[in-house]
Amino acid sequence: MDLTEFLVKTATIFAVFVATLVIAMYSTWAERKVAGFIQDRSGPNRAGWGGLLQPLADAGKMFFKEDFIPALANKWLFIAGPSLAMLTAMLASAVIPFGSTIRVAGHEVPLQGVESNIGILYVFGVVALGVYGIMVGGWASNNKFSLLGAIRAASQNISYEVAMGLSLIAILMMSSSLSLGEIVSQQHGMNWNIFYQPLGFIIFITCSFAECNRVPFDLPECETELVGGYHTEYGSMKLGFYLFAEYINMFISSAIISVLYFGGYNYPGMDFVYNQLVNALGTETGHNIATLIGTAVFFGKALFFVFFYMWVRWTIPRFRYDQLMNLGWKKLIPLAILNILITGAAVLFLKPVITAWLN
Amino acid sequence: MQLTNRSKQVSNKQMTLAERAYLPAIATGLAITIKHFFAKKVTIQYPEVKRYLGPVFRGRHILKRDAEGRERCTACGLCAVACPAEAISMVASERQKGEENLYREEKYAAVYEVNMLRCIFCGLCEEACPKQAVYLRHDEFVPVFTERDQVIWGKDLLVEDMNNRYTREAWTKEEAHVLDAKRANGEATNVVPRAIP
């Protein structure tokens, strides 16, 4: 790897991180705005235009609060908890394909932090690590409410990861690739996976709600039962990191959903737009502008799902814990296995028939 | 025995497949919330927009002057006696020659103080006053204070300003409704103040 390549990679990863952080920051603002709008209020509107400086004010407040560590808490793990949550949340953004390629002076720079042929496995590994942040923090607090919240988080994440992985296998059977870039480029134009995998999509989105600890599956921080759940003992920026990690996870999972099921940066009529732009502006500028339009489409899709997370949060009440477990083990996993069987049968028998019929 | 027609029979019947799938119910719920998302907001932007609190709201105290600009208060102390929170204190003084244009009665309050931390805005001083001198404004709050010396209000803050007189435009619920209707139609809003007995 020569120096230019290294610098380009560094710049890409930096841009991806900044984009993720800014979106997560404004998700907190959007969450409060959406909550207000759905409840016929107007939400924060005093700090800056439409309350746009609210995230800065919140972060400032968090930083200046007393950084308290309980006397009987395990000090190092208590600090490690939110750090781990933040770290694992940030790691997953590296492999998301934000767009196709940018051409600069004859070089093709992919708009993706790391193009890895096991991208989706990497995302799963990192997301599975995310529960350690909650578990470690909850245990280190030396508080029964925190511990209960952490245990709930752990068992919930493990249960729903199974169904999530199984629903994903159907996608992998169709794409026969684990690379996120490859999965996206196969959904060219309007050939999105949602049309082939509606059941898989419903299972996947339900599981991602559970993985992000969002309503209706926010039992780890269920205020009515557990005070604050795993972050009962946390305050100051350490609490801020936990909450912030949740919003990063939300954005990452929205991005993953739009990559896997809604074609990422693909949109109908993209070939027409691409040809027009290349003819009008040349192979370099035209290509770059077409890529940027694709990236904008990708962010539109991802942000819609972030909005969908918030929309659902202010619609559905929380599940009871036994309902959560019943849904995960008795409904979603059998459905996911059924989905795999149907997909397998369709790929084996239906696809040749349809291909032959179309030709 | 049936008491009302509103009671609903509880049933333990099995849910249908659509109900058990839970997704149609979620879709209905999402439709309801998105309708509210685009609905008109009920929020009143408080410091900029103030809501009319009605003619009987009890807010900031005022010591009224009469039509010629003379203070009505005669320092009888009935308000201080009536006050359940003991927020009012006053020092009476005799009117001198040449002060007839300042004070209506021969005795007046040289000092009249209301402790705003004690006051509970019950309005008993208003009811006790035989001279119609003390009122609780219906259109203005006592503003927030941040210093201890802002707590006790003297005559400088309480006595009415002749250039900006306090009038209550509607006294009963019916009058308030009439006034609201007039305001809605954009007609004149000033009602002739009630005559002082």
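**Entry 1: contacts and overall form of chain B**

Among contacts in chain B between residues at least 6 apart in sequence, what percentage join residues at least 24 apart? I looked this up at the start, and the share comes to 70%. I note for myself that I am working with a predicted model, so every value here is computed from it.

I then went through the elements of chain B and found six helices and five strands. Read from the N terminus on, they follow the order α-α-β-α-β-β-α-β-β-α-α. For the spread of the chain I looked at the radius of gyration, which is 27 Å for chain B, whereas the globule rule gives 16 Å for 197 residues; the value is well over the rule, so chain B is more spread out than a compact globule. The C-alpha trace of chain B spans about 95 × 45 × 40 Å along its principal axes. I also checked burial, and buried residues account for 13% of the 197 residues in chain B.

**Entry 2: the sheet in chain B**

Next I traced an open sheet of three strands in chain B, and I wrote down its order as β2-β3-β5, with antiparallel pairing. Why is one side of β2 and of β5 in chain B left without a neighbour in the sheet? Both β2 (88-94) and β5 (152-153) stand at the edges and each has a single partner strand, so one side of each has no neighbour there.

I looked more carefully at one pairing, that of β3 (residues 107-115) of chain B with β5(B), which is antiparallel and runs over two bridges. In β5(B), the residue that stands opposite B:V114 is B:W153.

**Entry 3: nonpolar cores**

I turned to the cores and found that the largest nonpolar core has 81 residues, and that A:A163, A:C207, A:I248, A:F251 and A:V259 are those with the most contacts inside it. Helix α9 (residues 236-260) of chain A gives the most to this core, namely 14 residues. To see one of these places in detail I followed A:V259, and, leaving aside its neighbours within four places in sequence, I found it in contact with A:I96, A:P97, A:L180, A:I183, A:V184 and A:G264. There is also a second, separate core of 17 residues, which includes B:C79, B:A109, B:V134 and B:Y135.

**Entry 4: where the two chains touch**

How many residues of chain A are in contact with chain B? I noted nine residues of chain A, which are in contact with eleven residues of chain B. Sorted by class, the side of chain A that touches chain B has five nonpolar, two polar and two charged residues.

**Entry 5: backbone details in the loops**

Last, I searched the backbone for details that I wanted to record. A cis peptide bond joins A:V215 and A:P216, with omega at about 5 degrees, and A:P216 lies in the loop between α7 (198-211) and α8 (223-226) of chain A.

I also looked at phi. A:D40 is not a glycine, although its phi is positive, at about 65 degrees, and its place is in the loop between α1 (3-38) and α2 (54-64) of chain A. With 13 C-beta neighbours inside 10 Å, A:D40 counts as partly exposed. In chain B, B:F121 has a positive phi of about 55 degrees and is not a glycine; B:F121 is found in the loop between β3 and α4 (124-128) of chain B. I counted B:F121 as partly exposed because it has 16 C-beta neighbours inside 10 Å, and a residue needs 20 or more to be buried.

Conventions
Residues numbered from 1 in each chain as written. Chains lettered and ligands numbered in written order. Predicted model: local features only at pLDDT ≥ 70, side-chain atom pairs only at ≥ 80, totals over all residues. Pairing = 2+ DSSP bridges. Helix = DSSP H or I, 4+ residues; strand = E, 2+ residues; numbered from the N terminus. Contact = placed C-beta atoms within 7 Å. Nonpolar A, V, L, I, M, F, W, Y, C, P; charged D, E, K, R; others polar. Rg over C-alpha atoms; globule rule 2.2 N^0.38 Å. Buried ≥ 20, exposed ≤ 12 C-beta atoms within 10 Å, placed from the backbone. Core = buried A, V, L, I, M, F, W, Y, C linked by C-beta atoms within 7 Å.
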